[in-house]
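Please look over the sequence and the 3D structure shown here before reading on.

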Amino acid sequence: MLAYLIRRFFAAAVMLVVIVMVVFGIFFLIPKWAGVDIALSFVGKQADPAAVEGVREKLGLGDPIYAQVWEFFKGIFAGRTYTGGGDTIHCAAPCFGYSFRSEQAVWPVLTDRFPVTLALALGAAVLWLIMGVSAGVLSALKRGSLWDRGAMVVALSGVSLPIYFTGMLALSIFVYGLDLFDGQFHPLEEGFSGWFGGMILPWVTLAFLYAAMYARITRATMLEILGEDYIRTARAKGLKETTVIGKHAMRSTMTPLLTMLGMDLGALIGGAILTETAFSLPGLGQAVLNAIKNQDLPIILGVTLVTSVAVLVANLVVDILYAVIDPRVRLT
Amino acid sequence: MTELSKSGAAVGEPTPASPAPKAFLEVRDLKVHFPTDDGLVKSVDGLSFQLEKGKTLGIVGESGSGKSVTSLGIMGLHTAGQYGKRKAQISGEIWLDGTELLSADPDHVRKLRGREMAMIFQDPLSALHPYYTIGQQIVEAYRIHHDVDKKTAKRRAVEMLDRVGIPQPDKRVDSYPHEFSGGMRQRAMIAMSLVNNPELLIADEPTTALDVTVQAQILDLIRDLQKEFGSAVIVITHDLGVVAELADDILVMYGGRCVERGPAEKVFYEPRHPYTWGLLGSMPRLDRDQQERLIPVKGSPPSLINIPSGCAFNPRCPYADLPKDNVTRTVRPELAEVGSRHWAACHMGTEQRERIWTEEIAPKL
């Protein structure tokens, strides 16, 4: 188990290095090939050549690519000092560089925005698990009934309706129509109820989309499991039907759900761009969207890294939980 | 078993007049039908038998003859897992130790399951939950019916594993099913079904999924345990070798009905139904010097939606044309006594069958 964990962490670290190199390569080489001067985009179009040259020196843009990647890595762990153009800036570790647009350091941007996205993803996950799994189990147990058909129609619409539709619908009903919420994000530091009120619509809207998928998967898995021999054995022992379903069948139904949950959470932490945009949440998704619009490479690079770490961690947690649930999975 | 006489009941099976039977287990005119889109599947269509404590009944037949559905019907599991499907229809009477199960409260029947009647399934790997240890599963089976703490129940589980011959039971109790070999798993399954000392044990193809070398061990185990616990045992199998090993009585099923029933030695040495002859002819015999080719029963099992009219076996029976007036294709034969406690359902005359058996069939076996 420990050896497995060490190996997995090592593999994750290697994976991260590869991701950084590839992303770095893509974002810094493409402008070069496209003939766009990064230094120029940092300084602004009507800059004087001396300033451009200074920025180029400061960011080490003239250095070979491997040196630039190395400087970037070193910055993350040891900090980095930019010199050139007549002034010196020290960027403490972890240093992800500076935004081209706002000239803010990237790391504080990430740490500001990450909690918002994390709260959005986790809160929605709790909701969609409760809604999706219970709807799916009920549908399976009442297969073919009016409830089953109704739930599956709702689930289908949940899967097919895009978040910018359901999000706008929720906003127009609950914020502009009923005036239940103010439709604004409030940081947690300013009070729990304001924060909660601002998060509840994004949570529900996002959860609706995922609950639909989870309901369908739960229903299909549950129906398959209910036909298993060991469920018949559980009944033959004289167990109550609630125990048969709630314990024996649920335990097996959890495995595919867990796999999905790991991937979905990882992807969401990488940026629920549509949800954050629809509800103006200052999360990573919104940051990366703006960064893409502004060709703000350091921000894109930073968010990509955070996302990769999130996906890797989520997958690791899922793999470990998988072994906890299913004893046949050996962590070796 | 009580002496029974033939009566005019619908299936022609002997049906005692008194409602509460003397036999420990008595099944009367059991029918289990499954409605499907293609029609009504008559898996069991009028089956009756009795079984005493300490005795073993072997139910023999091909796949789809209704053997397993019969056992599930007795356990009350024929509708289990049929969520949203059209429910199975069951009729007749199942008397277990003075209680009629089909009309009893389902929760009462649930409490009997596992305690009064238990079941061993064909494939122990799929019949045990892969995510729980053997011990957890046995403990659960024990604690549903006994109000004891987990420690006591676990001691009981270890004791049972020891009893069924699992080495180092105190260690293996914490193993998962996938860590056991096939034979060990079936032993564990048997330990689990016997943990509450059930008076009726149904073994549904208990050795089919096992290696030949392990099969005999498992059969020995079942026989020993039956002697020890004095339970009534139903062994369901398509393997005549298994019933030869275990059964006191044999019931041969075909197309959801009983075609021959009697003491094991009678059914083996004086069978009175062409289908039983076919089964015996297709069984390899190692106790004979010279073995000719096995004679398979021609054709395939009947559709349970369209059971052939007349005798269900007539399309495959080599003697179907012997009785007069095409009676095998129009009239369903009833079970008739052909000897002491021995019944068969065939239109041919008893002497005729006796002659065919002794002159044509027996010498070839």
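A short exchange between a student and a tutor follows.

Student: How are residues and chains labelled, and what kind of model is this?
Tutor: Residues are numbered from 1 along each chain as its sequence is written, and chains are lettered from A and ligands numbered from 1 in the order in which they are written. Local features need pLDDT of at least 70, side-chain atom pairs count only at pLDDT 80 or more, and totals for chains, interfaces and linings use all residues, as this is a predicted model.

Student: What is the mean pLDDT of chain B?
Tutor: pLDDT is the predictor's confidence in each residue, from 0 to 100. In chain B, 91% of the residues reach 70 or more, and the mean is 86.

Student: Which stretch of chain B has pLDDT below 50?
Tutor: Where pLDDT is low, the predicted coordinates should not be read in detail. The stretch in question has 29 contacts in the model beyond near neighbours in sequence, a contact being two residues whose C-beta atoms, placed from the backbone, lie within 7 Å. It is residues 1-18.

Student: Which element gives the most to the side of chain B that touches chain A?
Tutor: On that side, 27 residues of chain B are in contact with 28 residues of chain A. H2 (106-112), S6 (117-120), H3 (124-127) and H4 (134-145) of chain B each supply at least two residues; helices (H or I, at least four residues) and strands (E, at least two) are DSSP runs, numbered from the N terminus. With 4 residues, the element that gives the most is H4(B).

Student: Which are the edge strands of the open sheet of 8 strands in chain B?
Tutor: The order is S6-S7-S8-S3-S9-S10-S12-S11, with mixed pairing; two strands pair if DSSP finds at least two bridges between them. An edge strand pairs on one side only, and here these are S6 and S11 (336-339) of chain B.

Student: Which residue stands opposite Asp204(B) in S8(B)?
Tutor: S7 (residues 200-204) and S8 (residues 232-237) of chain B run parallel and are joined by 5 bridges. Opposite Asp204(B) stands Ile236(B).

Student: Which helix supplies the largest share of the largest nonpolar core?
Tutor: A nonpolar core is a set of buried Ala, Val, Leu, Ile, Met, Phe, Trp, Tyr and Cys residues joined through C-beta atoms within 7 Å, where buried means that 20 or more other C-beta atoms lie within 10 Å of a residue's own. This core has 158 residues, and Ile138(B), Ala191(B) and Val252(B) have the most contacts inside it. The largest share, 15 residues, comes from chain A, from helix H8 (residues 192-226).

Key. A residue is buried if 20 or more other C-beta atoms lie within 10 Å of its own, exposed if 12 or fewer, and partly exposed in between; C-beta atoms are placed from the backbone.
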